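Here is a walk through a structure you may be meeting for the first time. Take a look at it, and then we'll go through its parts.

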Amino acid sequence: MIGALLVAALAAVALGGAMGIRRRGFEAGLLLQAAGAAGVGVAGFWALGSGTALGSGFSSSLDPRFGVDGLSGLFLGTLGLIAAPALVFSLRYLRPTRQGRAVAALTAAFLLALALVVSARDPLTFLTGWELMTLLSATVILVARSGDRRARQTVFHYLAVTHLGGVGTWIAVLLLAQADAVGNPAAIESGSGLQIAIALAALVGMGTKAGVMPVHVWLPRAHPLAPAPVSALMSGVMIKVALYGLVRVLVEWVGILPVWLGVLVLAVGAFSAVGGVVYALFQHDLKRLLALHSIENVGIIVLGLGACLVLRARGAEAWAAFALGAALLHTVNHAVFKALLFLGAGTFERAAGSLELDRLGGLLRRMPWTGGAFLVGAMAIAGLPPLNGFASEWLTLQALLHVTAYGAAGDGIAGAVALAALGSTAALALFCFVKVVGLVLLGEPRTPAVAAAEEAPLPMWAPLVFLAGACGALGLAPGLLFGPLVGLAPWSDGMPTSAGLELPGTGSLSGIWTAVVLGSVATGLLLLRGNRSAAAAPSWACGQQLVPALRWTSAGFTKPLRLVLESVLRPQRDVAVRSAGGVVQEVSYSGHVPHLIEERLYAPATRVSLGAAAHARRLQSGSLGTYVTYLAALVLVLLAAARLGWLG
Amino acid sequence: MSTETALAGVVQAVGGIALAPLLPGLVQHWKARLQGRRGPSPLQPYRELRRLWGKSTVAPEGASAVYRLAPSVVGASLVAAVLVIPVAETAPSFGIGHDALVLIGLLALARFAVAASSWDVANGFSLMGASRDLTLSVFVEATLVLSLAVAALVAGTTDLRGIIGMTAGTHAWTDPALSLGAVAFALVVVAETGRQPVDNPDTHLELTMIHEGPLLEYAGRDLAYLQWAAAARHWLVLVLAAQVFLPHPSTVWAQLAVLPLVLLLLSAALALVETLVAKMRVLLVPGLLAAGAAAALLGIASWLAGSA
């Protein structure tokens, strides 16, 4: 039944993609794709809830096999949950030009590739899907940005980084296949060199695709370039599929890893979480800021994963399963609110013509539906109760606390440091999204184009409202999803499902009651406050008039933190004063926070490899004589080797 | 429900909501005495709330619904936080549980509402205060999480009722962990209550305001909610300090009996600190809070060494 639904839904996605190629079938094709995606979502969550495995199981042989189990179901469900609203959004966002139709058709192919990765049951199909999802997303960007030279360069960068890093994925999967360990953890000895090699290779390869620091450099460049629905799918689903791979390898297939590897994963997660959000805070472009937040949230998910690995190595099986559940719950949560925010950013770009934070403002009143949904998404990603981001961050905090509680000296301290890192990350994310909400939605519009912005058509705001509703629902009853997620750990028997989060040794978190208390008290206070107010007054600026030049900017708002972190971030600042005859004519100011990992780590590496390439190029002189000399030298060396008996 | 639990619930809800304004009033009163002035009566915050209650609110030009909603959201999240923090080792469930880490989320919600409202009125002084508050919050949250983690590790649970029960008596103090956690929490108390050396609650200069800055535009009942919320923050952190991070007796009756005395002492201690210490440069505060976080980490290390 689930299998039939899934196959039919995937066929609908494919058919919808094909229909959309023709101008007449554009809208019907997108709607069919959306319906198919919704079907995939239902089938996925159904498979997760029922806990049954469909199709074949995992095998190390190279014959193509397909199947779906609970974990695949979760990711298929997330895929549908994000793709269906994103495709409905595309109805008005994409235009039925050649380009728009090509993007729509490629989106269908991209979705199928993502579904292929999570339903593959043999190494070859898995790797095929893995490469296809990179190539197709790159193609979508190229098609959508045809003629943009910088975009081409960025896509090349994206492909280069993910393929260099992606080697790790191939090594990990092929080593697993060789050891006959795909889906068979008994085949690998715990603590063996092979196990460590597979885990490290997977961490590098799949980590690159997931966007963990320091191998994240492609992400903040590539995600903002794509059209909004595709950005939503890339940030919401594609990097999650990379995490799916990581969960399969690290949690399911390689057996119990040594503690230090779990601590390494924790360190990577903490670094990504803090690093991602700090750089996001100093961004002034909304889409790039959102892309950097994806790194932060992947970091939070990886923290949960690391906690799971450490706790499992320490024998705390119940809490290891909870930690895995926390990581997976945050995966779904992040997919929902990040897709919402990316779609919202796309809408604002259409309406206001810019995504530069300092050139927006006042959009909440002009676009109440889009703006309201965006506000909910921002509060969810900032981890505010009673929305979904808080539930999974609370769970991750609890998991990290238990890393310390069950740990010895080293991993205990690592858990505590990760705990502090997650606490700061939550505060930094709040800081960042207060800035975003303030600059985009509140205050007065800052350009005439923004002042003239109007609400988007219904097919564009309705998906946003749906996703905002999902943020609320997942926050009110996180336990309904968390229960089955805990059961996904191979060593766990699952836990009874209830709406709230009731874990042993915690004071429990009830989303519904938090919402009831907050909602009823706030309503009561609002009613008591009444609507009486004095005449409208200008806001107080010490008697000055609030002119546009006095408006606060993104850089100004984050300045205190930039000053505090100056020694770490090394912000650059140039002030040029032009004066004539002792009178200042013009002051120009520019400042930015450089991306240190790119400048300190990647730039030297690029220089060295380009230099080496330049040296190597001298060998290829192009003159026939040189090549004949090479050939002759080779023949001579081979003859000498044969004579000396080196060739056996 | 036993009598003890019911009584603890009444103290928690009534104390947190109705008696909270007394705490900043006491601090101001004693601070004035320490400085040789007669000063306002400890009941002054109530008088101010009554005065504000009768005044009309202000609608700044260009402000949206966010500005109007913010004070109620702040009030609601502080009420929820009051219901989360128990005053003794037993407390009725108000539905939302008693988890220590939930407190962090509720305080964050209040902070978000205040900072968003200052963007809404687009007042530079409000935004300056909000941006400083958010900058400090990065370090406050890390320190708060770590100090709560120390208490949770010592007690073996993050349920605050359990934490109060397990840290009662003298047993928990044989290990230095809790004392180091208390040092960290002391800094959180100063930062969350907005007192010197982190912030100066008496300042009337917009440029130096942190917590007061974002409230500049508010008047009437809006301001009353926000001022009550500031007082409720005193209640939350001082109750936690008294019942977790200071030695306390191990029966519910004794805990409830001792609480008022300890709250009085802690208010006096805040007044003393305010009198002795000048306000720090705002950019130096993160260093102070980081020292607190380091103390809490040491506490965790000591707990790990003790439990191994």
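## A hairpin out in the open

Let's start with strand 3 of chain A, keeping in mind that this is a predicted model. None of the 9 residues of this strand is buried: the number is 0, so strand 3 lies largely in the open. Being buried takes 20 or more other C-beta atoms within 10 Å of a residue's own. Strand 4 of chain A, residues 583-592, is hardly covered either, with a buried count of 0 among its 10 residues.

How do these strands go together? Strand 3, which covers residues 572-580, pairs with strand 4 of chain A in the antiparallel sense, over 9 bridges. If you'd like one spot to find on screen, A:Val575 stands opposite A:Tyr589 in strand 4. The two strands make a hairpin with 2 residues between them, and in that turn A:Gly581 has a positive phi of about 60°. As a bit of background, side chains in a regular strand alternate between the two faces of the sheet.

## Chain A as a whole

Stepping back, chain A has 25 helices and 4 strands. Its C-alpha atoms fill a box of roughly 100 × 75 × 65 Å along the principal axes. What radius of gyration would a compact globule with 648 residues have? Near 26 Å, and chain A has 26 Å, which agrees. Of those 648 residues, 56% count as buried.

Chain A is divided into domain 1, residues 257-490, and domain 2, residues 599-644. The centres of these domains, taken over C-alpha atoms, are 48 Å apart. Now take the contacts in chain A between residues at least 6 apart in sequence: 77% of them join residues at least 24 apart.

## Two residues to look up in chain A

Is A:Leu311 buried or exposed? A:Leu311 counts as buried, because it has 29 C-beta neighbours inside 10 Å, and the cut-off for buried is 20 or more. You'll find A:Leu311 in helix 11 of chain A, which spans residues 286-313. Setting aside residues up to four places away in sequence, A:Leu311 touches A:Ala316, A:Trp319, A:Ala320, A:Ala323, A:His402, A:Val403 and A:Tyr406. A:Phe322 is 11 residues along the chain from A:Leu311, and the C-alpha atoms of the two are separated by 9.9 Å.

A:Ser354 makes a handy second stop, in the loop between helix 12 (317-352) and helix 13 (363-366) of chain A. With 17 other C-beta atoms within 10 Å, A:Ser354 is partly exposed; that label falls between buried, at 20 or more, and exposed, at 12 or fewer. Its contacts, leaving aside neighbours within four places in sequence, are A:Arg359 and A:Leu360. A:Asp285 is 69 residues from A:Ser354 along the chain, yet 9.0 Å separate their C-alpha atoms.

## Chain B, helices and no strands

Over to the partner. Chain B has 11 helices and 0 strands, so to speak one α after another when you read along the sequence: α-α-α-α-α-α-α-α-α-α-α. The C-alpha atoms of chain B fill a box of roughly 60 × 45 × 40 Å, taken along the principal axes. A compact globule with 308 residues would have a radius of gyration near 19 Å, and chain B agrees with its 19 Å.

Of the 308 residues of chain B, 64% count as buried. Among the contacts in chain B with a separation of 6 or more, residues 24 or more positions apart account for 79%.

## Where the chains touch

How many residues does each chain bring to the contact? Chain B puts in 74 residues and chain A puts in 70 residues. On the side of chain B that touches chain A, the elements giving two or more residues are helix 4 (65-84), helix 5 (100-121), helix 6 (124-155), helix 9 (220-243) and helix 11 (285-307) of chain B. Helix 6 of chain B gives the most to that side, with 16 residues.

And what sort of residues are they? The side of chain B that touches chain A divides into 44 nonpolar, 19 polar and 11 charged residues.

## How sure is the prediction?

The model scores ipTM 0.95 and pTM 0.93. Chain B averages a pLDDT of 91, and 100% of its residues score at least 70. One general caution for reading any model like this: where pLDDT is low, the predicted coordinates should not be read in detail.

Definitions and conventions:
Residues numbered from 1 in each chain as written. Chains lettered and ligands numbered in written order. Predicted model: local features only at pLDDT ≥ 70, side-chain atom pairs only at ≥ 80, totals over all residues. Pairing = 2+ DSSP bridges. Contact = placed C-beta atoms within 7 Å. Nonpolar A, V, L, I, M, F, W, Y, C, P; charged D, E, K, R; others polar. Domains from an automatic or database assignment. Rg over C-alpha atoms; globule rule 2.2 N^0.38 Å. pLDDT = per-residue confidence, 0-100.
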